[in-house]
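Reader: Please take one strand of this model and describe it closely, with its pairing partners and the core around it.

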Amino acid sequence: MNIIEALGKRRSIRTYKPDTVPRDLLMTILEAAQMAPSACNKQNWQFIIIEDDSLKQKLVKMGAAIFIKNAPVGILVLYDNRTQNIEYSDHIQSGAAAIQNMLIAASDLGIGACWVCHLPPKRQLRKLFNIPWHLDPIAYIPMGYPKISVHPTRPRKCNIQHLISYNQFNATEDIPKRSVGTILRIILIKIYYLLPMRFKNLLHPFIDKNIVTKFK
């Protein structure tokens, strides 16, 4: 399979069989992550492999995406935040590049995975996983063998020609205004993250039903 075919084959998988993912395959996936580009070639990734079901349950109770508790394994991707390029957050970009490699490698090995940023506040992750101050959680990647088969190809939402400008940005449609609803949603999410855990647990069923985006 060439790289273009591998990119087209990759899908975000959110339902998994209970079968354990072998450690040697996890190592192959993480070796692929290390092959990603990183700012100034620092390669300052760290990875926490999470197999403990109680930790997954705690993550969900703290506000993480509910489906991650059903994945046999998860990988929390961290990257060194000591960067001078705060304007472009190059530590996040470096972590993201490794995640994309992980997703493609997992797909090629027949393992389902999903890029999850629906997570508790970073300060809570630091406490739960004993993460030092200089490493930022970037995303959580649940993994497992897919429970259902997925369509091998899925059309893109836009024709590539609609996404391209030459030499300067050319708007092909009206520039959207910042909606009041979007601003209000951001404010509510920030308030939610500041709530004590007991209140979050009361809100979880409502949030999962009415706010979290559903996928098939």
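Author: The account below starts with the strand, then turns to its partners, the cores and the whole chain.

This is a predicted model, in which local features need pLDDT of at least 70 and side-chain atom pairs count only at pLDDT 80 or more, while totals for chains, interfaces and linings use all residues. Residues are numbered from 1 along each chain as its sequence is written, and side-chain values use heavy atoms, with hydrogens and water left out.

The strand is E4, residues 135-144; 10 of its 10 residues are buried, so E4 is largely enclosed by the rest of the structure. Buried means under 20% relative accessible area, with a 1.4 Å probe and protein chains only. Strands (E, at least two residues) and helices (H or I, at least four) are DSSP runs, numbered from the N terminus.

E4 pairs with two strands, where pairing requires that DSSP finds at least two bridges between them. With E2 (residues 73-80) the sense is antiparallel, over eight bridges, and Ile141 of E4 is the bridge partner of Ile75. With E3 (residues 112-113) the sense is again antiparallel, over two bridges; here Met143 of E4 is the partner of Ala113.

Ile75, Ile141 and Met143 recur in the largest nonpolar core, which has 26 residues; they are among the members that touch the most others, along with Ile29, Ile99, Met102 and Ile111. Such a core is a set of buried Ala, Val, Leu, Ile, Met, Phe, Trp, Tyr and Cys residues joined through side-chain atoms within 4.5 Å. Helix H2 (23-34), E2, helix H4 (90-108) and E4 each supply at least two residues of this core, and H4 gives the most, seven.

Met102 shows how these parts meet. Leaving aside neighbours within four places in sequence, Met102 is in contact (heavy atoms within 4.5 Å) with Ile141 and Met143, and also with Ile29, Leu30, Ala33, Phe47, Ile75 and Val77. A second, separate core has 20 residues, including Tyr16, Ala64, Leu76 and Phe129.

As for the setting, the chain has seven helices and four strands, in the order α-α-β-α-β-α-β-α-β-α-α from the N terminus. Buried residues make up 35% of its 216 residues. Among contacts between residues at least 6 apart in sequence, 79% join residues at least 24 apart. The C-alpha atoms fill a box of roughly 50 × 45 × 40 Å, taken along the principal axes.

Key:
Buried means under 20% relative accessible area, exposed over 50%, partly exposed in between (1.4 Å probe, protein chains only).
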